[in-house]
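Hi,

Here is the structure I promised to send over. Have a look at it first, and my notes on what I found follow underneath.

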Amino acid sequence: MINKKCFGCGILLQSTAPDQPGFLPPGKEGAFFCQRCYRLRHYGRFEAPADDETAIVKAIEGALAKSDLILLVVDVFDPEGSLPLRWTRLLKLPVFMVINKADLLPARTPWVEMPPWFQALWNRRFPGHDLIGMEVLSARGRGPERLAKMEALKQELAGKKVTVLGAANVGKTSLLTALLAAEDKQKAALPTVSRFPGTTQGITTWTLDAYGLTIFDTPGFQPGRRMGDLFSAETASRLLPAKKLQVKLWALPPNGAVLGGGLVGIWNLSPADRTLVFFTGEQVTMHRSRGEKAETLHKEGPDWLRLYTKGERPARFVEEILTVEAGEDLYISGFGWVAVKREAARLRLSVPSGVEVGTRPSLVGRRED
Ligand SMILES: Nc1nc2c(ncn2[C@@H]2O[C@H](COP(=O)(O)OP(=O)(O)OP(=O)(O)O)[C@@H](O)[C@H]2O)c(=O)[nH]1
Ligand SMILES: [Mg+2]
């Protein structure tokens with residue numbers, strides 16, 4: 001044991017067991033990053049984290065015990081997946097919500113529409129827990145506006161000890177990096193961020209002296225009901241939008257279907273055409289079809305359609321028939337959503353078993369049509 005934590009992911013470093021977490025080759029004991037972080041940062045090669053959810057929750061509780069405040073990070077692409085009910089037991093301190101990845105929203109969507117929408121979801125999920133503040137931002141990116149947001153957030157949090165909490169891949173470490181960026185830190189001394197869930201493995205502690213602010217970054221666990229949670233880290237990373245959401249509008253005839261990534265099938269069971277707007281990550285192939293052809297394509301997931309790594313085909317799909325009112329979304333956690341325009345639509349949905357789906361008031365696009 002070297003008795004020092006990896007700067008990148010927070011794991012305790014050691015030089016004795018190459019196949020165990022936190023390994024640093026002998027002779028490299030002075031390095032800041034474990035071998036896993038080194039490979040991830042330099043070659044983009046990801047090795048799954050060792051800890052299970054119980055160990056992660058224990059580590060998070062340790063950080064919470066030293067904190068005044070929770071900085072809860074949620075991903076604008078997957079509000080429901082970012083707010084699993086299982087958070088309830090961790091919400092022991094005042095909560096400040098950061099709605100991250102706002103850059104993914106269509107250009108015409110005003111960011112100011114997000115806080116009231118997320119506040120309503122929060123109230124439905126965690127009644128009795130108050131939010132002490134909310135901020136919409138993009139942890140990734142550049143520009144003076146982003147710097148101003150980070151400055152405002154640091155002032156808001158000044159003098160506090162803060163635990164950053166959130167599901168895997170929502171951008172906790174990216175937010176921390178953005179907060180540290182203006183502090184003149186070298187890139188090489190910043191924590192590891194990646195498109196794979198499970199990057200951060202232990203608690204890392206950061207201080208911003210000018211603000212009397214201490215930040216604990218934490219590992220995120222996979223809540224289990226997001227699409228990516230059912231697959232390998234590689235497939236999960238492909239579901240993650242890296243740039244503005246792919247928005248596709250279709251007038252779907254009766255019995256017409258839209259298929260996505262070999263993962264989602266949606267059929268229009270309404271008696272007439274329905275206008276549906278699909279929001280997904282840019283790597284999801286969407287395809288319109290109908291009849292027997294649609295059933296076969298969805299069932300077989302041909303190479304050109306499927307997003308998941310070959311061999312990862314879900315064992316079981318479940319079907320649901322539901323009515324989505326005009327002005328509502330049908331959300332598929334971790335995959336995206338379908339906004340229904342003008343008239344209510346009766347839809348048949350097929351998704352891998354275990355994924356959270358449901359209807360909600362439209363998140364964006366109220367003036368998209
Ligand atoms: N488009 C966009 N992507 C972001 C933003 N913030 C983070 N990401 C991306 O989301 C992915 C996950 O970011 P991380 O900061 O590693 O997420 P995390 O919550 O720390 O994840 P774990 O450590 O696995 O719990 C990376 O690919 C980031 O580049 C953002 O504001 N906009
Ligand atoms: Mg992280």
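Let me start with helix H2, which covers residues 53-65. Its 13 residues should span 18 Å at 1.5 Å a residue, and the end C-alpha atoms are indeed 18 Å apart, so the two agree. Please keep in mind throughout that this is a predicted model.

Which residues of H2 are buried? They are Ile56, Ile60, Ala63 and Leu64. Looking down the axis of H2, you'll find its buried residues within an arc of 100°, so they line one face of the helix. Thr54, Lys58 and Ala65 are exposed, on the face turned away from that buried side. The cover over the buried residues of H2 includes strand E4 (161-165) and strand E6 (213-217).

Helix H5 can be read in a similar way. It runs over residues 144-157, and its 14 residues should span 20 Å at 1.5 Å a residue; the end C-alpha atoms are 20 Å apart, so this one agrees too. The buried residues in H5 are Lys149, Met150, Leu153 and Leu157. They take up an arc of only 95° around the axis, which puts them on the same side of H5. Yes, there is a lysine in that buried list. On the other side of H5, Pro144, Ala148, Ala152 and Gln155 are exposed. Among the elements covering the buried residues of H5 are strand E1 (69-75), strand E3 (131-136), E4, helix H6 (172-181) and E6. After H5 comes glycine 159, with a positive phi near 80°.

E6 turns up in both of those lists, so here is its own pairing: strand E5 (residues 204-208) and E6 are antiparallel, with five bridges between them. Threonine 205 sits opposite phenylalanine 216 of E6. Four residues lie between the strands of this hairpin, and glycine 212 takes a positive phi near 55° there.

Now for the domains. The assignment splits the chain into domain 1 (1-47), domain 2 (52-223) and domain 3 (239-361). The centres of domain 1 and domain 3, taken over C-alpha atoms, are 41 Å apart.

Next, the sheets. One is an open sheet of five strands with antiparallel pairing, in the order E7-E10-E14-E13-E16. Strand E7 (246-252) and strand E16 (357-361) are at its edges with a single partner strand each, so one side of each has no neighbour in the sheet. From one strand to the next, the twist averages 25°. Strand E13 (residues 328-332) pairs with E16 in the antiparallel sense over five bridges, and isoleucine 332 stands opposite valine 357 in E16.

Another open sheet of five strands, also with antiparallel pairing, has the order E11-E8-E9-E15-E12. Strand E11 (286-290) and strand E12 (317-324) are the edge strands, each pairing on one side only. Here the twist averages 20° from one strand to the next. E12 and E15 run antiparallel and are joined by eight bridges, with leucine 322 having leucine 347 of E15 as its bridge partner. Helix H8 (residues 291-300) packs on this sheet and touches strand E8 (256-260), strand E9 (264-268), E11 and E15. The direction of H8 makes about 140° with that of E11.

One residue of E15 deserves a closer look. Leucine 349 lies in this strand (residues 345-352). Is leucine 349 buried or exposed? It is partly exposed, because 19 other C-beta atoms lie within 10 Å, while 20 or more would be needed to call a residue buried. Beyond its neighbours within four places in sequence, leucine 349 contacts Ile266, Glu319, Glu320, Leu322, Leu330 and Val357. Leucine 349 and isoleucine 332 are 17 residues apart in sequence, and their C-alpha atoms are 9.8 Å apart in space.

Finally, a couple of backbone oddities. Most residues other than glycine have a negative phi. Asparagine 169, however, has a positive phi near 80°. Asparagine 169 is in the loop between E4 and H6 and counts as buried, because it has 30 C-beta neighbours inside 10 Å. Arginine 342 also has a positive phi, near 60°, and lies in the loop between strand E14 (336-340) and E15. With 12 C-beta neighbours inside 10 Å, arginine 342 counts as exposed.

Cheers

Conventions:
Residues numbered from 1 in each chain as written. Chains lettered and ligands numbered in written order. Predicted model: local features only at pLDDT ≥ 70, side-chain atom pairs only at ≥ 80, totals over all residues. Domains from an automatic or database assignment. Helix = DSSP H or I, 4+ residues; strand = E, 2+ residues; numbered from the N terminus. Contact = placed C-beta atoms within 7 Å. Expected span 1.5 Å × (residues − 1). Arc of directions from axis to C-beta. Pairing = 2+ DSSP bridges. Axes fitted to C-alpha atoms, helices over the stretch in contact; angles between N-to-C directions.
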